[in-house]
Amino acid sequence: MKPGQVECKNIVLAYGATQVLKGITLTVKPGEFFALLGPSGSGKSTLLRLIAGFNFAQSGQLTVDGSDITQTPPWQRNIGMVFQNYALWPHMTVERNVAFGLEERKTSRAEIAMRVKDVLALVGLTDFAQRRPNQLSGGQQQRVALARTLAIEPKVLLLDEPLSNLDAKLRVQMRQELKSLQRRLGITTIFVTHDQEEALTTCDRIAVMDQGVIQQIGTPMELYDSPVNRFVANFVGTINFIEGDVEHTPTGSTFLSDLLGKIALPAITPDRATTRAALALRPHTINIIAEPSSPTGASRGSINVPGNILEREFLGEFVRYRINANGTELIVDQLHQVGSEIHATGTNVILEIPPKALRLIW
Amino acid sequence: MNKKARQYTVVQALAAMSIALFLLTFLLVPVLNVVYIAVADGNGSLTLSHFGAFFGISLMQESFWNSLIVALASVFFASIIALPLAYLTIRFEFRGALLIQTLGVLPLIMPPFVGAVAMQLIFGRSGSVNLLLNDWFGIAIPMMEGLTGVIFVESLHYFPFILLNLTVALNNIDSAMEESAQNLGAHGLRLFRRIVFPLAMPGYIAGASLVFIKVFDDLGTPLVLNVTNMLAPQAYLRITSVGLEDPIGYVISVIMVAFSLSALWLSARVLKGKDYSTTQRGGSSLMRRRLTLVQSLLAYGWIGLLLLLVLSPHIGIVLLSLAKVWSFSILPDAFTLDHYRTVLVDSPRMIVNTLLYCGLAALLDVVLGTAIAYLILRTRVPGRQALDFMASAALAIPGIVLAIGYLRTFKGITLPGTNDPVTTLWIMIAIAYAIRRLPYALRSCMAALQQVSVSLEEAAENLGATKARTIRRIVIPLMAGGILAGFVTSFITAAVELSATIMLTTTQSDAPMSYGIYLYMQSIAGRGPGAALGVLAVIIVAVGTYFSHRIISSRASQTGIHAKLE
């Protein structure tokens, strides 16, 4: 089946007085692997269930390939959903579970048998057709749930935290399998998760949600490199905020902070009611050099500030330091290799901050 | 491996042994004795001749088929009553939920044989309904005649077992089960038939098999309705009229036990590996819909009709207890409080006896139930599964069979130092109650203990509490709700027990209320006082249920542990 395009237009949903979705607008393109990323209570699952037809919007419109399905009952939508706990029916075998949707569509027996065989082969469970769900491992149940949904050849595939019930190793493996399967089938897929790593690694585009509002939509790299607000910056990866004030002068905008002093902002920023803002920078963009070595970095155009190491965590690929720099606490990650220098707690160091890595966030 | 050589303590082993001894003495030996006499030829060898004789008597054949038909028909009609009610409560947002809950409890607080008397006055040949029908249309419906009457009373009395089990099963279905079916294109009745009902099937089977067993074993209702061509009444009549030596009585007992056991076995077999409620649980319960106007009318109509039917024995018994004369009239002609006076003057002893016997039995049940539950779930004492099996098998032993077993097994044994035969002691009644109700208490205690995480106990031991102290300070307090629920269930069901009572009661002064009611009901003149005693019994049971429910739910909200009254 041709992959569908999903469009949400200003969708509002409230339970009593609490608004769960506050005007959601987004477009998922045909064949795209799209993530809804957010903490619990952000409304991401509610939105997914709304697309499946289990929740209904108070206002707004939901279309698939241009046709309005806002009021269509779930059984007429042809939007497949894989549930968080898989929801495999325990009284049916794997084969019966997978055949269910086709039976409801009055597909001929011969074709059902063929399609069931095909999708079970697709997820690598051909030999498990006669098993019961409770005789399968978590990963296998997940595949059955996927096969059951794919069997009806849905226009859109919805995945509700599909990896959350798996252990860490299996999660990474299933994540890759999901991605390659999605690529192979070219099916429009919407994936709900609270795990930013999951979203960044698997999806083409991500909508970051918080408190019923979409904070930002973009590719993983856009979100990571150019977060539009503090929430996105914080939720996608670890980040430092340097608090300060924006000042507008005829020649350009500057940023004044305790830590960095007055520095010029690379781009002209629009005038706002408040001047209070922050510069965000990722922990790995800062370089530590031990005192009293010469401030070489300054010559490379970086801003040097002194700091004192408060705490150290060894994370394998890198060492994470918590550093007090002029009263501002910064997290700094240093790549770790055998023999690379480790700074002890309490030592004074110089931090090199490259201005290019700084992002202004209001 | 050395350390694991003995995985239980001496105290645990002693506890298991004393429980085993108790169950052997008062359950296994008496029942096996009954079975033995049914197949013994009197010279020490085994024979099937008694069974041959049984099936040679046409009355016995008739009774056999009648019992079977009544039990099956009662299951059928109870299902017809319960299914729509269960479907309504879980499927729709509607205000009648409380009504349905009430419907589900009301019948259980009145013994069926008490209700039967009142139902005769209302639905019988010259009862209120038929008098009205005769006045208006000149017709009469013989719904209280013979087997029909028994089926009518039993299905109205026992449908709550199906309703409660089915509702719980339906409530335990994860909404994702239904949503995924909708997502794949199923809806409406098809969705119900293919997904919801199969998932609730275990609950239905459990309820239906209970109803079958209860009806098959019931002695009081057929006796009161004067239907004697059924197995339980025949066993009673053979033993009480022909005598304790008559093998036919034992053959009937064996057949009754066999049927109850097979019903239990069959349901266990069907249910094997089908506990769907706990396998996958993550979401909320099934989605509820609003009723349309027509649906509302149908639903309230059905509930209203049922409520009227279910309440009729209660209303009838209250009217009867207050009636001066109630015969061939739609309502009593005049009212009086004399019957209550009679009962309170004549037989306050019976009320005390009921409280004493049932209180003792229920206490014994929860002590045994807690101990067995602990032994099974928390220890590795050998033979613990056998304890569970024995205690649960009591469910399949009809009261009359247990009583016959006692009379036979303890025949000739006297209390040391006196000439009183053991079988005439009132304590035997209490013990019979305890054995009969043990399965309920055990299930309640097991459920309660299963909800207590082992880590809570390990934390106590880690902080220095011994096993015994841990049980006292952590396990028992956390199980309290379940234990209390077990106590109440045992108590109220024992209070309305007739079949064992009727056989084991030897003197008027030792008689509990249920016996008293039955005795009064034997004569037309005694009906008033009998009904008054019945009302008092219902009040005691209802008050007990209410208060324990209050205590349990307030405890539940404090501890977050929920126990339920079965």
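Here a trainee and a mentor talk through a predicted model with chains A and B.

Trainee: Let's start with chain A. How many helices and strands are there in chain A?

Mentor: Happy to. Chain A has 362 residues, and 38% of them count as buried. Its C-alpha trace spans about 80 × 50 × 35 Å along the principal axes. As for secondary structure, the count for chain A is 9 helices and 20 strands.

Trainee: Among contacts in chain A between residues at least 6 apart in sequence, what percentage join residues at least 24 apart?

Mentor: For this one, a contact means that two C-beta atoms, placed from the backbone, lie within 7 Å. With pairs at least 6 apart in sequence as the starting set, the share joining residues at least 24 apart is 65%.

Trainee: How many residues of domain 1 of chain A are in contact with domain 2 of chain A?

Mentor: Chain A divides into domain 1 (6-233) and domain 2 (241-362). Their centres, taken over C-alpha atoms, are separated by 40 Å. On the domain 2 side, 4 residues take part, and on the domain 1 side the number is 5.

Trainee: Now helix α4 of chain A. Why does its span agree with what a helix of 13 residues should give?

Mentor: Helix α4 covers residues 138-150 of chain A, and the rule is 1.5 Å a residue. The expected span uses one less than the number of residues. The end C-alpha atoms lie just as far apart as the rule predicts, so the two agree at 18 Å.

Trainee: Is α4(A) largely enclosed or largely open, and how many of its residues are buried?

Mentor: A residue is buried if 20 or more other C-beta atoms lie within 10 Å of its own. Among those in α4(A) that pass are Q141(A), R143(A), V144(A), L146(A) and L150(A). The cover over the buried residues includes β6, α2, α3 (109-122), β7 (156-160) and α5 (168-185) of chain A. The helix is therefore largely enclosed by the rest of the structure, its buried residues numbering 10 of the 13.

Trainee: Which element gives the most to the side of chain A that touches chain B?

Mentor: Between the chains, 20 residues of chain A are in contact with 19 residues of chain B. Two elements of chain A, β6 (79-82) and α2 (94-104), each supply at least two residues of that side. By class, the chain A side holds 12 nonpolar, 6 polar and 2 charged residues. The element giving the most, with 3 residues, is α2(A).

Trainee: Over to chain B. How many nonpolar residues are on the side of domain 1 of chain B that touches domain 2 of chain B?

Mentor: In chain B, domain 1 is 1-47 + 352-499 and domain 2 is 49-336, with C-alpha centres 28 Å apart. There, 22 residues of domain 1 are in contact with 25 residues of domain 2. On the domain 1 side, α1 (10-39) and α18 (399-409) of chain B are the elements giving two or more residues. That side has 3 polar and 2 charged residues, and its nonpolar ones number 17.

Trainee: Last one: which helix gives the most to the largest nonpolar core?

Mentor: That core has 262 residues, and those with the most contacts inside it are L158(A) and A432(B). Beyond its neighbours within four places in sequence, A432(B) is in contact with L402(B), A403(B), Y406(B), A500(B) and L504(B). The helix giving the most, with 16 residues, covers residues 426-451 of chain B and is α19.

Conventions: Residues numbered from 1 in each chain as written. Chains lettered and ligands numbered in written order. Predicted model: local features only at pLDDT ≥ 70, side-chain atom pairs only at ≥ 80, totals over all residues. Domains from an automatic or database assignment. Helix = DSSP H or I, 4+ residues; strand = E, 2+ residues; numbered from the N terminus. Nonpolar A, V, L, I, M, F, W, Y, C, P; charged D, E, K, R; others polar. Core = buried A, V, L, I, M, F, W, Y, C linked by C-beta atoms within 7 Å. Buried ≥ 20, exposed ≤ 12 C-beta atoms within 10 Å, placed from the backbone.
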